[in-house]
Amino acid sequence: MAEELKADQLLIDEKAGRKVAISRGLPIIGLVGVIILAKEQGLIDNVKDILDDLMSKGTRISPKIYDYALITAREI
């Protein structure tokens with residue numbers, strides 16, 4: 001569907017799906033990327049609190065992605 005619609009980005013976090021999307025040249029973004037964009041657009045004030053809340057509720061975010069998000073959002 002993303003190919004048919006010529007989507008600007010495909011929202012996907014699932015590892016196998018991301019591999020397929022990348023192999024097909026589709027531009028992808030995950031949940032953390034959406035949160036970073038929300039801060040860049042002034043929709044939220046803080047990335048760290050949202051990530052911490054998600055992780056406390058069971059969302060798995062690797063330490064590497066967590067750190068990347070905070071650096072990109074200029075929160076560390």
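Contact here means heavy atoms within 4.5 Å. Helices (H or I, at least four residues) and strands (E, at least two) are DSSP runs, numbered from the N terminus. This is a predicted model, in which local features need pLDDT of at least 70, side-chain atom pairs count only at pLDDT 80 or more, and totals for chains, interfaces and linings use all residues. Residues are numbered from 1 along each chain as its sequence is written, and side-chain values use heavy atoms, with hydrogens and water left out.

**Exercise 1. Get to know the chain**

Task: Find how many helices and strands the protein chain has, and the order in which they come.

Solution:
- Step 1. Count the elements: the protein chain holds five helices and two strands.
- Step 2. Walk along the sequence, and the pattern reads α-β-α-β-α-α-α.
- Step 3. Look at the overall extent: the C-alpha atoms fill a box of roughly 35 × 25 × 20 Å along the principal axes.
- Step 4. Check the burial. Buried means under 20% relative accessible area, exposed over 50%, and partly exposed in between (1.4 Å probe, protein chains only). Of the 76 residues in the protein chain, 24% are buried.

**Exercise 2. Pack α3 against α4**

Task: Work out how α3 and α4 are arranged and which residues meet.

Solution:
- Step 1. Recall what to look for: two packed helices are described by the angle between their axes and the distance between the axes.
- Step 2. Fit the axes, which are lines through C-alpha atoms, for helices over the stretch in contact, with angles from 0 to 180 degrees between N-to-C directions. The axes of α3 and α4 come within 10 Å and cross at roughly 150°.
- Step 3. Name the arrangement: this makes α3 roughly antiparallel to α4. (Angles under 35 degrees count as roughly parallel, over 145 as roughly antiparallel, 65 to 115 as roughly perpendicular and the rest as oblique.)
- Step 4. Find the hand. A crossing is left-handed if the near helix is turned anticlockwise from the far one by less than a right angle, and right-handed if clockwise; α3 passes α4 in a right-handed crossing.
- Step 5. List the partners: Leu 31, Val 32, Ile 35, Ile 36 and Lys 39 of α3 meet Val 47, Ile 50, Leu 51 and Leu 54 of α4.

**Exercise 3. Add α5**

Task: Describe which residues of α5 are buried and which are exposed, then place α5 beside α3 and α4.

Solution:
- Step 1. Start with the buried residues: in α5 (residues 63-72) they are Tyr 66, Ala 69 and Leu 70. Down the axis of α5 they fall within an arc of 95°, so they line one face of the helix. (The arc is that of the directions from the helix axis to the C-beta atoms.)
- Step 2. Turn to the other side of α5, where Lys 64, Tyr 68 and Ile 71 are exposed.
- Step 3. Ask what covers the buried residues: the cover includes α3 (31-40) and α4 (47-56).
- Step 4. Take α3 and α5. Their axes come within 10 Å and cross at roughly 10°, which means α3 is roughly parallel to α5. The crossing is right-handed, and Val 32, Ile 36 and Glu 40 in α3 meet Ile 65, Tyr 68, Ala 69 and Thr 72 in α5.
- Step 5. Take α4 and α5. Their axes come within 9 Å and cross at roughly 160°, so α4 and α5 are roughly antiparallel to each other. The contact joins Val 47, Lys 48, Leu 51, Asp 52 and Met 55 of α4 to Tyr 66, Ala 69 and Leu 70 of α5.

**Exercise 4. Visit Gly 30**

Task: Decide whether Gly 30 is buried or exposed, and find its contacts.

Solution:
- Step 1. Locate Gly 30 in the loop between β2 (28-29) and α3.
- Step 2. Apply the cut-off: Gly 30 has 9% relative accessibility, so Gly 30 counts as buried.
- Step 3. Leave aside neighbours within four places in sequence; Gly 30 then touches Leu 11, Ile 12, Asp 13 and Arg 18.
- Step 4. Compare C-alpha positions: Gly 30 and Ile 12 are 18 residues apart along the chain, with 5.2 Å between these atoms.

**Exercise 5. Look for positive phi**

Task: Describe the backbone and the surroundings of Lys 6 and Arg 74.

Solution:
- Step 1. Lys 6 is not a glycine, yet has a positive phi of about 50°. Lys 6 sits in the loop between α1 (2-5) and β1 (10-11) and is exposed, with a relative accessible area of 68%.
- Step 2. Arg 74, also not a glycine, has a positive phi of about 60°. Arg 74 belongs to the segment after α5 and is exposed, at 76% relative accessible area.
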